[in-house]
Amino acid sequence: MTANFPWPQWAAAGIAIAVTPRLDLYGGFRWTDWSAFNELKITLTEIASTVDKLNLSDGISVHAGAAWQLANRVMLRGGFSYDSNTVPDKVASRAYLDMDKFTLAVGVSVRLWGGWYTDLAYEVLFAPPRDVPDRIVQQPNAVTGVLQDVHVNQSPGKYSWTMHSIALA
């Protein structure tokens, strides 16, 4: 089995500003050329392969965060990010389902002794509901020529999700 995954070009920019000796602010932006990624071809054997037409949209990500030195040994952190949907309704499926995503995160770092630190972080990643409509079109049957209903969207429905994570290091 072989598969070729040509990753798209992208451009990113970021900034970090030391507002005070105890407060840093961060920001970032990324554009990804997913619209150039038109198909995914997987060859299973020499005579069998599959090609998925993707027709993706370009994606953007926006990030913002802050770090505040609360005390000599304690630093608090927080951040927010947005990542855009790149899969249009007409190609959305359970294999290729995307939606706008938002992340909120907070954390704390504590210097224990010497160069030893411990970190605790919490993150919630969520996607607001996305409704992929069920589009039906009439197409002639290839054998009989009789018009029949064809579902254009592979996986119509309402999708949403939320993920929570906690890390201790």
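Q: How many aromatic pairs are there, and what makes two rings a pair?
A: The count comes to 4 aromatic pairs. Rings of Phe, Tyr and Trp (its six-membered ring) pair if their centres lie within 6.5 Å; planes under 30 degrees apart count as stacked, over 60 as edge-to-face and the rest as tilted. Do keep in mind that this is a predicted model, where local features need pLDDT of at least 70 and side-chain atom pairs count only at pLDDT 80 or more, while totals for chains, interfaces and linings use all residues. Residues are numbered from 1 along each chain as its sequence is written, and side-chain values use heavy atoms, with hydrogens and water left out.

Q: What kind of pair do Trp-7 and Trp-34 form, and why?
A: Their ring centres are 5.8 Å apart and their planes stand at 75 degrees, so this pair is edge-to-face. Trp-7 is in the loop between strands S1 (2-3) and S2 (10-20), and Trp-34 in the loop between S3 (23-32) and S4 (39-43), 27 residues apart. Strands here are DSSP runs of E with at least two residues, numbered from the N terminus.

Q: What is the pair of Phe-102 and Phe-126 called, and why?
A: With centres 5.7 Å apart and planes at 25 degrees, the pair is stacked. Phe-102 lies in strand S8 and Phe-126 in strand S9, so the pair ties together parts 24 residues apart in sequence.

Q: Is Trp-7 buried or exposed, and how do you know?
A: Buried means under 20% relative accessible area, exposed over 50%, and partly exposed in between (1.4 Å probe, protein chains only). At 66% relative accessibility, Trp-7 is exposed. Phe-102, at 21%, is partly exposed, and so is Phe-126, at 28%.

Q: What makes Arg-30 a charge over the ring of Trp-10?
A: The rule asks for NZ of Lys or CZ of Arg within 6 Å of the ring centre and within 35 degrees of the ring normal. Arg-30 lies over the face of Trp-10, at 4.1 Å from the ring centre.

Q: How do you know that S6 and S7 pair?
A: Two strands pair if DSSP finds at least two bridges between them. Strands S6 (residues 59-71) and S7 (residues 74-83) run antiparallel and are joined by 10 bridges, so they pair by this rule. One of the bridge partnerships is that of Gln-69 with Met-75. S6 and S7 form a hairpin with 2 residues between them.

Q: What joins S7 to S8?
A: Another 10 bridges join S7 to strand S8 (residues 101-113), again antiparallel. In S8, Gly-107 is the bridge partner of Arg-77.

Technical notes:
Helix = DSSP H or I, 4+ residues; strand = E, 2+ residues; numbered from the N terminus.
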